[in-house]
Amino acid sequence: MQAGLFGQKYSSRDYTKAKYWGKNQFNSSFPASLVAYMSSKKMPLVYLKTDKDNNLYHDYISGEELFNIDPISENAFYNFEAGYSAYEKFYTGDREKIDLVMVNRESGENLCGLEVKLTALPDNTTKKFNEDKYSCEIVMRPPTICFLACSICENYQNDKERLRKLISGVPKINHWETAEEVAPHYKMIEKVVLNVASDMCGKQTPLILQPVWKTVKDKMQLADDCLDAFVWSNLAVLQMCVKSDENSGTEISRFQRTIVWIYKMLFDFCAYDKFDYVEIIKNHSYGNANDKAFAISGVQTHKFLACNELTHPRINKTEIKNIILGGGQNMLSPERRFDAVLFYSPEIFK
């Protein structure tokens, strides 16, 4: 058997070549095959969603519902680090690549676009807790926020007047780039963004695929209950910003800044049909670097992710050999923790 990953019969990556097992590729390609494997076992993923009152709750979503195609179908093509046509029409400037685009090989249709966050369980902030308090750090990139805004624009593309009304009510701000001018009006900005989330809660869509890999406390040793996968809807991601903010009303935190970015993107979409994603990020930094939108620690994510699947992930470490095929683990570059723990655990592939 040639080196490969479960389910990916057709992919933009050739897993017989070592360069496609590098850390940047593996962190998105392995999760895609984890979904395919779980789908083959009729095992749905935990799906984080919000209701009309913007309360977050857990549902389930199958691999086929997530990818909009059977993950092991002959027509399933895994296109990594690719443009996602459904979103590209909503913003100008440099086109951002999304981690995974599923494509129908027969029709050529883009079926879904997902950001992928492969996360360690526990993280440094929860590793000393009991297992039921373990959780993961999540780092959010600015492009993910662009995709979030695009997913909202997609929902209202045929009824922009409705969106325009939902985001109305924010007082005129002359200098949006100045925190001192924006901060007093932040609560109204947040309110109108949440109005949008409430309005479209019945049409929220998957945005982030977050697999978790569990170790024995903080050791470089995989736990027996090793792997599972969570999916965040576009609206659930908003709750990371709203529920995690601890700032006063005098400055703009990273979480608040993210909500401001989304508001500006939606406002410009209503006014001009498109928004300039790069300029919005660049001109509204509020004293924080733009390399990431925000980061949220395991102590903070626990309230979102807590469930049986987080405490005891459903895929056993002995099953990894069913996902990484044909000796592919031998081509891994042990540059990050997950790559390294697999590379130095040859016994799980016997």
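Okay, let's start with the charges. The protein has 43 positive and 45 negative ones, and their mean positions sit 2 Å apart. Keep in mind throughout that this is a predicted model.

Now the overall build. We have 13 helices and 15 strands in the protein. The radius of gyration comes out at 20 Å, close to the 20 Å that the globule rule gives for 350 residues, so the protein is as compact as a globular protein of that length. If you prefer box dimensions, the C-alpha trace spans about 65 × 50 × 35 Å along its principal axes.

What about inside versus outside? Of the 350 residues, 56% are buried. The accessible surface is about 14,900 Å², and carbon and sulfur atoms own 46% of that. As for how the chain meets itself: take the contacts with a separation of 6 or more, and 72% of them are between residues 24 or more positions apart.

Let me zoom in on a helix, H1, which runs over residues 23-40. How far apart should its ends be? With 18 residues at 1.5 Å a residue, H1 should span 26 Å, and its end C-alpha atoms are indeed 26 Å apart, so the two agree. H1 is also largely enclosed by the rest of the structure, because 14 of its 18 residues are buried. After the helix comes Lys42, with a positive phi, near 55°.

Next, a residue I'd like you to click on: Leu227, in strand S11, residues 222-233. Buried or exposed? Leu227 has 0% relative accessibility, and the cut-off for buried is under 20%, so Leu227 counts as buried. And which residues does Leu227 touch, leaving aside those up to four places away in sequence? The list is Phe30, Leu34, Val212, Trp213, Pro313, Arg314, Ile315, Ile320 and Phe338. Two of those names, Phe30 and Leu34, take us back to H1, residues 23-40. There's also a pair worth a look: Leu227 and His312 are 85 residues apart in sequence, yet C-alpha to C-alpha they are 8.7 Å apart in space.

Last stop, helix H11, residues 298-305, which is mostly covered. Six of its eight residues are buried. Which ones? They are Gly298, Gln300, Thr301, His302, Phe304 and Leu305.

That's my tour, so over to you for questions.

Terms used: Residues are numbered from 1 along each chain as its sequence is written. This is a predicted model: local features need pLDDT of at least 70, side-chain atom pairs count only at pLDDT 80 or more; totals for chains, interfaces and linings use all residues. Side-chain values use heavy atoms; hydrogens and water are left out. Helices (H or I, at least four residues) and strands (E, at least two) are DSSP runs, numbered from the N terminus. The radius of gyration is taken over C-alpha atoms; the globule rule is 2.2 Å times the number of residues to the power 0.38. Buried means under 20% relative accessible area, exposed over 50%, partly exposed in between (1.4 Å probe, protein chains only). Contact means heavy atoms within 4.5 Å. Accessible areas come from the Shrake-Rupley method with a 1.4 Å probe; for residues, only the protein chains shown count as cover. Lys and Arg count as positive and Asp and Glu as negative; His and the chain ends are not counted. The place of a charge is taken as NZ of Lys, CZ of Arg, CG of Asp or CD of Glu. The expected span of a helix is 1.5 Å times one less than its number of residues.
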